[in-house]
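Subject: Structure for you to look at

Hello,

Here is the structure I promised to pass on. Please open it and keep it beside you as you read.

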Amino acid sequence: MPSIKAALAKPFAKRIYKKVQKWANNPIQTQDKVFKDLISQATSTTFGIDHDFISINNYQDFVKRVPIRDYEDLKPYVDKVVAGQENILWPGKPLYFAKTSGTTSGAKYIPLTKDSMPNHVNAARNAILLYIHETGNAKFVDGKMIFLQGSPILKEQNGIQLGRLSGIVAHFVPKYLQKNRMPSWETNCIEDWETKVEAIVEETVNQDMSIISGIPSWVQMYFEKLQQKTGEKVGDIFKNFNLFIFGGVNYEPYRAKFENLIGRKVDSIELYPASEGFFGFQDKQDQKGMLLQLDSGMFYEFVKADQFFDENPKRITLKDVKVGVNYVMIISTNAGLWAYNIGDTVMFTDTKPYRVIVSGRIKHFISAFGEHVIGKEVEQAMKEATEGTNISINEFTVAPQINPESGLPYHEWFIEFENEPEDISALAKKIDASLQKQNSYYLDLIEGKVLQPLKISKVNKNGFQNYMKSIGKLGGQNKIPRLANDRKIADALKPHILAK
């Protein structure tokens with residue numbers, strides 16, 4: 001007999017589904033309206049005045065007046081907002097700053113406004129409701145739910161609260177979920193990640209967990225500690241656990257390991273959250289890609305990734321995108337980000353409705369020899385090479401080896417195996433063959449004897465975790481880049497490499 005909460009979830013899910021369909025089926029009109037609303041609301045801001053928003057009548061006017069910027073370029077405006085000034089990037093002051101670790105500028109302060117905040121909360125809620133509508137499964141709403149996230153403790157700076165995005169969102173969990181939500185507030189406030197995971201295990205091991213959510217690499221750590229404590233599979237500890245919600249990285253490299261830790265298959269929902277906006281969620285269990293959020297105060301532009309660093313790359317809107325092309329995603333939002341490069345590359349899997357996968361980071365690629373290898377390609381190669389085998393991967397990253405001790409340069413793959421292959425060189429050949437098939441530049445370099453096929457370096461158990469700990473980035477929203485065009489990570493991993 002379903003509970004009242006489970007029974008009420010279904011009609012609510014149907015209502016939200018219809019609402020989502022309305023804008024998903026009218027994508028171009030929806031985005032046009034968002035664009036006009038953003039420009040009209042920000043006309044009198046400092047940014048709007050500086051960029052002559054009052055004269056913007058169409059998208060072409062916007063492109064002429066507002067160049068693409070990253071955080072460094074927008075920083076002079078953000079600094080004024082951080083200092084407490086009003087009406088700089090968006091009317092008034094932000095409610096919060098999501099503080100993230102930047103690469104060149106130290107900490108980044110991403111504004112979250114009264115207008116943008118509901119989008120972060122509603123998109124996550126809608127992802128679950130659309131799953132209920134599609135599957136008819138609402139039983140899990142009666143069980144306990146865990147969201148592995150950053151500390152909800154916020155600091156104040158010039159009247160604005162600041163903290164990690166996941167910690168900020170923790171303050172907006174609806175009342176009807178509070179009773180079911182884990183871990184406790186006290187445990188969530190623990191800063192040290194390893195201590196926190198131990199405390200979460202103690203709190204949850206005897207609970208009826210039905211939803212588990214977080215970045216796969218950190219959920220994996222939680223699952224491993226549960227297994228160490230009980231000697232049981234996670235699916236046996238939590239008999240009603242049937243929905244895994246994740247975001248931040250591609251789940252595929254972790255899937256085999258997760259199914260082994262859980263002991264059975266569970267449904268999963270992929271999310272695309274970021275401090276800059278909640279961009280998408282998986283709306284169908286049998287469809288690849290996440291439904292791009294078009295009615296959430298965010299206007300999207302796209303630039304082909306292989307043209308992004310050209311002098312004057314062509315910017316396009318949703319109506320001109322093509323399936324299977326690698327794009328840099330540019331956003332303008334009701335948090336006051338304008339033609340902002342979030343650094344992600346995406347590919348459309350569908351345009352009816354518009355669904356995307358995250359293909360990588362525009363800064364995370366390998367092109368030391370002109371090969372233009374991206375994150376999606378290395379993940380696909382790993383997937384193809386291990387499919388149908390009992391090989392299980394914990395984590396991996398790739399770097400170029402430009403000056404080997406002998407022979408031609410090559411790509412070095414650093415892999416931490418859970419269950420390693422009998423023949424490492426056979427796995428390397430399979431991965432390399434997949435990469436050559438996907439990337440014609442890489443194929444040409446191998447055939448032209450500019451590169452030799454890739455080599456695998458085995459990383460010690462927990463080597464990646466220990467590396468992340470050594471740079472102060474263990475847990476939370478932090479993740480290992482899949483690949484890099486230099487050897488910074490590769491060199492830092494040296495102490496964690498197994499002797500050949």
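Below is what was found, topic by topic. One caution before that: this is a predicted model.

**The sheet**

Start with the strands. Eleven would be a lot to trace by eye, so here is the order: β6-β3-β7-β8-β9-β10-β11-β15-β14-β13-β12. These 11 strands form an open sheet, and their pairing is mixed. Which strands sit at the edges? They are β6 (181–182) and β12 (298–304), and each of them pairs on one side only.

Now look at a parallel pair. Strand β3 covers residues 144–147, and strand β7 covers residues 209–213. The two run parallel and are joined by 4 bridges. One place to see this is Ile146, whose bridge partner in β7 is Ile212.

Next, move along to β10, residues 277–281. Is this strand mostly covered or mostly open? It is mostly covered, with 5 of its 5 residues buried. Strand β9 (residues 267–274) pairs with β10 in the antiparallel sense, over 4 bridges. Pro273 stands opposite Phe278 in β10. A hairpin of 2 residues joins β9 to β10. Strand β10 also pairs with β11 (residues 290–292), again in the antiparallel sense, over 2 bridges. There, the bridge partner of Gly280 is Leu292 in β11.

One general point helps when you turn the sheet around. In a regular strand, side chains alternate between the two faces of the sheet.

**The UniProt span**

UniProt has an unreviewed entry that lists residues 294–351 as "domain: GH3 middle". In the model, this span is 0% helix and 45% strand. Its end C-alpha atoms lie 12 Å apart.

**The nonpolar cores**

The largest nonpolar core has 89 residues. Which of them touch the most other members? They are Phe302, Met329 and Trp338. Helix α6 (residues 117–135) gives this core its largest share, 8 residues. Another core lies apart from it, with 41 residues. Val197, Met221, Ala399 and Leu474 are among them.

**Salt bridges**

Here is the general idea. Side chains of opposite charge can pair when their charged atoms come close. The count for this model comes to 22 salt bridges. Three pairs are worth finding on screen.

- Lys33 and Asp37 meet through their side chains, at 2.9 Å from N to O. Both lie in helix α2 (residues 27–42), 4 residues apart, which is about one turn of the helix. Lys33 has a relative accessible area of 54%, so this residue counts as exposed. Asp37 has 31%, so this one is partly exposed.
- Asp52 and Arg65 also meet in a salt bridge, at 3.4 Å from N to O. This pair links distant parts of the chain, 13 residues apart. Asp52 is in the loop between α3 (46–50) and α4 (59–65), while Arg65 is in helix α4. Asp52 is partly exposed, at 31% relative accessibility. Arg65 is partly exposed too, with a relative accessible area of 27%.
- Asp491 forms a salt bridge with Lys494, and their closest N and O atoms are 3.7 Å apart. Why is Asp491 called partly exposed? Because its relative accessible area is 39%, and partly exposed lies between the 20% and 50% cut-offs. Lys494 is exposed, with a relative accessible area of 55%.

Salt bridges can also link up. Glu224, Lys257, Glu418 and Lys461 form a network of them.

**Cavities**

How many cavities of 30 Å³ or more does the structure hold? There are 3. The largest cavity has a volume of about 160 Å³. It is lined by 16 residues. Closest to its centre are Ser217, Asn394, Glu395, Phe464 and Gln465. Three elements give two or more residues to this lining: α11 (216–230), β18 (392–401) and α17 (463–470). Helix α11 gives the largest share, 4 residues.

To get your bearings, begin with the edge strands β6 and β12. Then find β10 and its neighbours β9 and β11. Finish at the largest cavity, with Ser217 as one of the residues closest to its centre.

Best wishes

Terms used: Residues are numbered from 1 along each chain as its sequence is written. This is a predicted model: local features need pLDDT of at least 70, side-chain atom pairs count only at pLDDT 80 or more; totals for chains, interfaces and linings use all residues. Side-chain values use heavy atoms; hydrogens and water are left out. Two strands pair if DSSP finds at least two bridges between them. A nonpolar core is a set of buried Ala, Val, Leu, Ile, Met, Phe, Trp, Tyr and Cys residues joined through side-chain atoms within 4.5 Å. Buried means under 20% relative accessible area, exposed over 50%, partly exposed in between (1.4 Å probe, protein chains only). A salt bridge is a side-chain nitrogen of Lys or Arg within 4 Å of a carboxyl oxygen of Asp or Glu. UniProt positions are given in the numbering used here, feature names are shortened, and annotations may be inferred rather than shown by experiment. On a 1 Å grid over the protein atoms alone, a cavity is a set of points where a 1.4 Å probe fits but cannot get out, and a pocket is an open set with protein on both sides within 12 Å along at least five of seven lines; lining residues have an atom within 4 Å of a point. Grid points are joined across faces, edges and corners, and a volume is the space filled by probe spheres set on the points.
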